[in-house]
Amino acid sequence: MSKTVFNSWLRVPIESVCLGIYDGPHATPKPTNAGAIYLGIKNLTEDGKLDLSEIRYISEEEFTKWIKRVLPQQGDIVKKPAIARRFFL
């Protein structure tokens, strides 16, 4: 059953538009000089763009731990907590 919301928005069950909703770890991995690129909240700008001016790296071991629950994929939406900013992968 669909309902129109906010004039042109359509209200649908969440499972019909997403495969999952995940909350990332509430911690920061130990940085290293090389390895996997780690993008954190500060890499997301006010207007929802990716800021790559300050790249940080984490070890491959840490990376494996961080992607155990979910590995972000192209097309995913990344949201900053408690802020209405999003970045589309």
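# Notebook: a look through a predicted model

I started on the surface, where Leu-10, Val-12, Ile-14, Val-17 and Ile-21 make up a nonpolar patch with a combined accessible area of about 510 Å². One of its members, Ile-14, sits in the loop between strand S2 (9–11) and strand S3 (31–32). A reminder to myself: this is a predicted model, and every value below is computed from it.

**Entry: the overall layout**

Next I looked up the secondary structure. I found one helix and seven strands in the protein. Reading from the N terminus, the order is β-β-β-β-β-α-β-β.

How much of the protein is buried? Of the 89 residues, 13% count as buried. The exposed area comes to about 7600 Å², and carbon and sulfur atoms supply 58% of that.

I also checked how contacts spread along the chain. Taking contacts between residues at least 6 apart in sequence, I get 40% that join residues at least 24 apart.

**Entry: the sheet**

In which order do the strands of the open sheet run? The order is S3-S5-S4, three strands with antiparallel pairing. S3 and S4 are the edge strands, each pairing on one side only. I then looked at the S3 and S5 pairing, which is antiparallel and runs over two bridges. For Thr-32, the bridge partner in S5 is Tyr-57.

**Entry: Lys-30, beside the sheet**

Lys-30 belongs to the loop between S2 and S3. Is Lys-30 buried or exposed? Its relative accessibility is 66%, so Lys-30 counts as exposed.

I listed what Lys-30 touches, leaving out residues up to four places away in sequence: Tyr-57, Ile-58 and Glu-62. Tyr-57 was already in my notes as the bridge partner of Thr-32. For Ile-58 I also took the C-alpha to C-alpha distance to Lys-30, which is 6.4 Å across a sequence separation of 28 residues.

**Entry: the salt bridges**

Side chains of opposite charge can pair when their charged atoms come close. How many salt bridges does the structure hold? My search gives three.

I began with Lys-42 and Glu-54, whose closest N and O atoms are 3.6 Å apart. Both residues lie in the loop between strand S4 (36–38) and strand S5 (56–58), twelve residues from each other, and the pair links distant parts of the chain. Lys-42 is exposed at 51% relative accessible area, while Glu-54 is partly exposed at 48%. The cut-off for exposed is over 50%, so I kept the two labels apart in my notes.

Asp-47 and Lys-49 form another salt bridge, with an N to O distance of 3.6 Å. Asp-47 is exposed with a relative accessible area of 53%, and Lys-49 is exposed too, at 51%.

The side chains of Lys-65 and Glu-62 also meet in a salt bridge, again 3.6 Å from N to O. Why are they about one helical turn apart? They are three residues apart in helix H1 (residues 60–66), so that is the separation one gets. Lys-65 is partly exposed, with 48% relative accessibility. Glu-62 turns up twice in this notebook, as it is also among the residues that Lys-30 touches.

**Entry: the aromatic pair**

How many aromatic pairs does a search of the whole structure find? It finds one. The rings belong to Tyr-38 and Trp-66, with centres 5.8 Å apart and planes at 75°, so I filed the pair as edge-to-face. What does the pair tie together? Tyr-38 is in strand S4 and Trp-66 is in helix H1, so the pair connects parts that are 28 residues apart in sequence.

I compared accessibility for both partners. Tyr-38 is buried at 14%, and Trp-66 is partly exposed at 21%. Since buried means under 20%, Trp-66 stays in the partly exposed class.

**Entry: Leu-19**

My last stop was Leu-19, which is placed in the loop between S2 and S3. Ile-14 from the patch and Lys-30 are also in that loop. Leu-19 is exposed, with a relative accessible area of 91%. I checked one long-range distance from here: the C-alpha atoms of Leu-19 and Asp-76 lie 9.8 Å from each other, with their positions 57 residues apart along the chain.

Terms used:
Residues are numbered from 1 along each chain as its sequence is written. This is a predicted model: local features need pLDDT of at least 70, side-chain atom pairs count only at pLDDT 80 or more; totals for chains, interfaces and linings use all residues. Side-chain values use heavy atoms; hydrogens and water are left out. Helices (H or I, at least four residues) and strands (E, at least two) are DSSP runs, numbered from the N terminus. Buried means under 20% relative accessible area, exposed over 50%, partly exposed in between (1.4 Å probe, protein chains only). Contact means heavy atoms within 4.5 Å. Accessible areas come from the Shrake-Rupley method with a 1.4 Å probe; for residues, only the protein chains shown count as cover. A salt bridge is a side-chain nitrogen of Lys or Arg within 4 Å of a carboxyl oxygen of Asp or Glu. Patches are made of residues with over 30% relative accessible area and no salt bridge: like charges are joined within 9 Å, nonpolar side chains (Val, Leu, Ile, Met, Phe, Trp, Tyr) within 5 Å. Two strands pair if DSSP finds at least two bridges between them. Rings of Phe, Tyr and Trp (its six-membered ring) pair if their centres lie within 6.5 Å; planes under 30 degrees apart count as stacked, over 60 as edge-to-face and the rest as tilted.
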